[in-house]
Amino acid sequence: MEARQLGRQGLEVAAIGLGCMGMSEFYGDADDAQSITTIQRAIDLGVDLIDTADIYGPFTNEELVGKALKGRRDRVVLATKFGNVRRPDGSFVGIDGRPTYVREACDASLRRLGVDHVDLYYQHRVDPTVPIEDTVGAMSELVDAGKVRFLGLSEAGLETIRRAHAVHPISALQNELSLWTREHEEEALPLCRELGIGFVAYSPLGRGFLTGRWRSRDDYDPSDTRTARFPRLSEEHFDGNLAIAERVFELAREKECSPGQLALAWVLSQGPDIVPIPGTKRVSYLEENLGAAQIVLSPDDLARLDEIAPLGAFTGDRYPAANMATVGVEAPSQRV
């Protein structure tokens, strides 16, 4: 795969990364042995951006990734996140961006991962009670201490991104981007390009919906919580969204590729500063996803996809109301 630059600070990664969240919860039963094999196969195939977070599991996903990286640490760009706080039982506490918590969370992640530093450290969600200058100031101290190499944000408000970048260069913004989530094309992505911030696209397959593997809500395993968690997969919106996706699947058949490969190829085509991180716990799906790097979309293909799935075509919020309240948040002004 080609290499892509994230930001202007020297962070370079392969064009497609690997998101590890679903290996530990939300997307069906976990199989640690299978997931470790998948991570290691990804690395062998040239994937170097491996993405996790302390909230996933909670906590267990970092431990899983740490096990998979034994003997391979120097071949990966390891990314993790802090800020969403959960108890060991999985209950959600809130969002914490206090400097003391930043330092505590980083040390805890390093212990679970079994490493002495992470390459890319994100604030997972913005704390609406803590000035971003305070949070990113503490994150920059982690860089100075050698515990972190590059800094990132996820789903931050536009002005908060500007203010954070003024404190310490932000190398990557991780936001949702796919054919069924195009909102960030209008403001966040242009801002990243203005400031020289790379864009890491999570859920580039639309929570798996764009792979064509689920044609009914009944097709999901009972242990898979997607239909319960995401409004776009609710009974109200599923069939209408599937009708749009079917047209994407039709183009994939014409291109002689899988729907998921087409969806990923579209994300890759949106700019050389964008790196999608599709998640999977199966080697077969991993290898299928990586095939997207070889697909070339013509101007006609892109025009058809714009016609099929323009901004706002898929209905339903991308998160439940409580989660939507945590995206695009602007941090308060710094205290004087």
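These exercises work through a predicted model, one step at a time.

Residues are numbered from 1 along each chain as its sequence is written. Local features need pLDDT of at least 70, side-chain atom pairs count only at pLDDT 80 or more, totals for chains, interfaces and linings use all residues, and side-chain values use heavy atoms, with hydrogens and water left out.

**Exercise 1. Find how compact the chain is.**

Step 1. Count the elements. The chain has 12 helices and 12 strands. These are DSSP runs, numbered from the N terminus: H or I of at least four residues for helices, E of at least two for strands.

Step 2. Apply the globule rule, 2.2 Å times the number of residues to the power 0.38. For 336 residues it gives 20 Å, and the radius of gyration (taken over C-alpha atoms) is 19 Å, so the chain is as compact as a globular protein of that length.

Step 3. Check burial. Of the 336 residues, 59% count as buried. Buried means under 20% relative accessible area, exposed over 50%, and partly exposed in between, with a 1.4 Å probe and protein chains only.

**Exercise 2. Describe the salt bridge between D51 and K81.**

Step 1. Recall the cut-off. A side-chain nitrogen of Lys or Arg must lie within 4 Å of a carboxyl oxygen of Asp or Glu.

Step 2. Compare the distance. The closest N and O atoms of D51 and K81 are 2.6 Å apart.

Step 3. Place the partners. D51 sits in strand β4 and K81 in strand β5, so the pair ties together parts 30 residues apart in sequence.

Step 4. Check burial. D51 is buried at 3% relative accessibility, and K81 is buried at 0%.

**Exercise 3. Work out what surrounds D127.**

Step 1. Locate D127. It lies in the loop between β8 (118-123) and α4 (132-144).

Step 2. Look for a salt bridge. D127 is buried but has none; R98, the nearest side chain of opposite charge, is 6.0 Å away. Here Lys and Arg count as positive, Asp and Glu as negative, and His and the chain ends are not counted.

Step 3. Look for polar partners. The side chains of D127 and T129 share a polar contact of 2.7 Å. Such a contact is a pair of N or O atoms within 3.5 Å; within protein, one must be able to donate a hydrogen and the other to accept it, and residues adjacent in sequence count only if both atoms are side-chain atoms. A polar atom of the D127 side chain also lies 2.8 Å from the backbone nitrogen of G97.

Step 4. List contacts (heavy atoms within 4.5 Å). Leaving out residues up to four places away in sequence, D127 touches I95, D96, G97, R98, A331 and P332.
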